[in-house]
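Biologist: I've got a model on my screen and a pile of questions about it. Can we walk through it together?

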There are 2 protein chains.
Amino acid sequence: MKKKSIKDIAQELGYSKTTVSFVLNNKGDEKNISKKTQEKILAYVREVNYQPNQIAKSLKKGKTNTIGYLIPDISNPFYAKIGRLIEDLLADKGYHLIIGSTDETQEKEDLLLNMFVNRQVDGLILASSFENLGMLNTLAAQRFPMVFFDREHPDFFGNYILVENKNAMKGAVQNAIKHGSKKIGLLSITPNVYSLELRIDGYREALSENEIDIDDHLIRIVDNNNLKESTKAQLQYLIDEQVDAVVFTNNQITAHAIWAMNIFHKEKIEDVRFVSFDNLDLFDYSQPKVTSVAQPIEKIANYTVDILGEVMNEKEHISKRIVLEPKLIERL
Amino acid sequence: MKKKSIKDIAQELGYSKTTVSFVLNNKGDEKNISKKTQEKILAYVREVNYQPNQIAKSLKKGKTNTIGYLIPDISNPFYAKIGRLIEDLLADKGYHLIIGSTDETQEKEDLLLNMFVNRQVDGLILASSFENLGMLNTLAAQRFPMVFFDREHPDFFGNYILVENKNAMKGAVQNAIKHGSKKIGLLSITPNVYSLELRIDGYREALSENEIDIDDHLIRIVDNNNLKESTKAQLQYLIDEQVDAVVFTNNQITAHAIWAMNIFHKEKIEDVRFVSFDNLDLFDYSQPKVTSVAQPIEKIANYTVDILGEVMNEKEHISKRIVLEPKLIERL
DNA sequence: GTGAAAGCGCTAACAC
DNA sequence: GTGTTAGCGCTTTCAC
């Protein structure tokens, strides 16, 4: 049973493709197709379970109703949750998501960007690593609808939905200092991401404003390709340095560190305060407790979709930068 | 700057569309296009950064190189992780994923299934809720390439990648009994999913084989639409019933229950053993500790993609049912 | 070695 | 009220 096309329907019913097409697209009345004809066509279409070919429609209309979702890793709960929220918001408007995980490598990012363009996605939602602005600049020059979230690049001008990174982190670290922490280490992934740099800056500022010497040895970078083991090793280093607090720049490392702490440093668990950017449910009860900076993910998703909608509709070039306020959740 | 098409390239270079198309598809040699022409075309294409329109190609070829990934919720770490593995495996073959989250509702599932068909996906990977077989039967009758994982339906004949549910759960519960648990409750989501029923059956069998009375009041179903709060409430019920162990049919409820246990039943935390289907890193150190049945997610992803590849290539109808062995991780 | 032309399934301007 | 037709961008058969 080959798939039926509009042409088949038209022939079998003795109408033209046009008439059938109009009726299928609810333009029957507008185009003065008689009620009777409309009903006949609709009934038949339902009977044979005709499914329009969205690809042909897309080609004709130059619009695919798909959006590319480019992030470091869809299995990271932060991107998965925002992805889910975006999926639902877009579905209401008839759009669907193609996903692409970059693993923070420029190579995969470029490959995926190309793929999205080839597939004629109508827009792009991206947490880019911004290692290389090449393709992004090209797309921006063509006014390709894009909205960036979570990550930014100071030299790239575009639509951003972000959270306050520096001050939020600063506040979280100051909170730890207020509660007595004096020797504070930091663990981060790839710091060549501007948003993460800002978080690290916030950490530095908090220390210097409280007259704590910044010791660069206490700022440890974990290996992206081996997050869990590397986090364990770097945490070990900080423990050996006898820190009384550790700051994490995202929740994935924090989760791994909680694991490492419980498995390998159980005896020190009361002596080290954890502070994390991003929240996780388990921070409510984990040992050690984790004071965290919670990002407003619903708002992020809402704004992202809203702005993308605007960009796709507007002929004019808009460039908004929306910075949301994260929330400090103190857990002592 | 309008996007260039093959036609533009051909005109600007003084060749025909055919020649350009051949060269672009690496058929230059095969079609006896002169080396010189080939180089000229390739150089120009690179210079103007020509991007082929995948939609047009798809329409012509009847193949979109996209796969639909239909699951209950992409923000569930289990589906996100498998999704990520599948994404990578498929990317190597030039396929990409469109995602669809059903929230376990038939309405959304049917909507998404239709969407996938309209979009002419080449295949479908699904963790269906199987509430209603209607659309799936239709697709199966058309030999639409589909591979099911995680969930099965006894009346639906298709390609399945599953894990042993009943015996694995039985083993986990027996393990708890061996270590002294006597009054064992169970918490599950929507049990109208066959795979979950099997897990519950495993629980029942373990009890009866050990001469523990099965008390249906101790089998609690949580509300899907309000997982966290409902889990808390149902857990409360079991605690009040003074169970000495609780069994969970998936990791999401277990995580919520750990949270509820720590926040609301801290004093009982030593008295209740947790047993969970699905694993989570945090089970290594959470209070209470969780003995879990870990699914082999890499294998699931690999088999799923392999079988889907076979189905898409074969003209013949194959129907494989692969049942993988999960691993019991005892944590006491 | 290269090109003309048909056609994938659909939409929509224009005709009658 | 309904039909004819061109064309979206690409592939591929057949011709020269």
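What follows is a chat about the DNA contacts, the cavities and some backbone details of this predicted model.

Biologist: Let's start with the DNA. Which element gives the largest share of the surface near DNA strand C?

Modeller: Helix 2 (17–24) and helix 4 of chain A, plus helix 2 (17–24) and helix 4 of chain B, each supply at least two residues of that surface. In all, 27 residues surround the strand, with Lys17(A) and Thr18(B) among the closest. The largest share is 4 residues, and it comes from helix 2 of chain A.

Biologist: How do the residues of that surface divide into nonpolar, polar and charged?

Modeller: Among the closest residues to strand C you'll find Ile6(A), Tyr50(A) and Lys60(B). For the surface near the strand, the split is 8 nonpolar, 12 polar and 7 charged.

Biologist: On the DNA side, what percentage of the strand C atoms within 4 Å of the protein belong to sugar or phosphate?

Modeller: Two phosphate contacts are good examples to click on. A polar side-chain atom of Lys27(A) sits 2.7 Å from a phosphate oxygen, and a polar backbone atom of Asn53(A) is 2.9 Å from a phosphate oxygen. Bases make up the rest of those atoms, and the sugar or phosphate part is 59%.

Biologist: And which residue has a polar backbone atom 3.4 Å from a base nitrogen of strand C?

Modeller: Look at chain A again, where helix 4 is one of the elements supplying at least two residues of the surface near the strand. The pair is a base nitrogen and a polar backbone atom, and the residue is Ala56(A).

Biologist: Does a record say anything about this end of chain A, and what percentage of residues 4–61 is helix?

Modeller: UniProt, in an unreviewed entry, lists residues 4–61 of chain A as "domain: HTH lacI-type". Over that stretch the end C-alpha atoms are 21 Å apart, strand content is 0%, and helix is 64%.

Biologist: On to holes in the protein. Which elements give two or more residues to the lining of the largest cavity?

Modeller: There are 3 cavities of 30 Å³ or more, and the largest has a volume of about 150 Å³. Its lining has 14 residues, with Ile55(A), Thr66(A), Ile55(B), Thr66(B) and Arg119(B) nearest the centre. The elements you want are helix 4 (54–61) of chain A and helix 4 (54–61) of chain B.

Biologist: How many residues in that lining are charged?

Modeller: The lining includes 4 nonpolar and 8 polar residues, and the charged ones number 2.

Biologist: Any odd backbone spots? Which residues does the cis peptide bond in chain A join?

Modeller: Go to the loop between strand 9 (273–277) and strand 10 (290–294) of chain A, where Pro288(A) lies. Chain B has a cis bond between Gln287(B) and Pro288(B), with omega about -5°. In chain A, omega is also about -5°, and the pair is Gln287(A) and Pro288(A).

Biologist: Asn26(A) has a phi near 60°. Is that residue buried or exposed?

Modeller: Asn26(A) is in the loop between helix 2 and helix 3 (35–47) of chain A. Its relative accessibility is 70%, so Asn26(A) counts as exposed.

Biologist: What about Asp150(A), buried or exposed?

Modeller: Asp150(A) is not a glycine, yet has a positive phi of about 65°. Its place is the loop between strand 4 (146–149) and strand 5 (160–163) of chain A. The cut-off for buried is under 20%, and because its relative accessibility is 9%, Asp150(A) counts as buried.

Technical notes: Residues numbered from 1 in each chain as written. Chains lettered and ligands numbered in written order. Predicted model: local features only at pLDDT ≥ 70, side-chain atom pairs only at ≥ 80, totals over all residues. Heavy atoms only, no water. 1 Å grid on protein atoms, 1.4 Å probe; cavity = no way out; pocket = protein on both sides within 12 Å on 5 of 7 lines; lining within 4 Å. Points joined across faces, edges and corners; volume = space filled by probe spheres on them. Nonpolar A, V, L, I, M, F, W, Y, C, P; charged D, E, K, R; others polar. Near = heavy atom within 4 Å. Polar contact = N/O pair within 3.5 Å; in protein donor to acceptor, adjacent residues only side chain to side chain. UniProt positions renumbered as here; feature names shortened; annotations may be inferred. Buried < 20%, exposed > 50% of the residue type's maximum accessible area, 1.4 Å probe, protein only.
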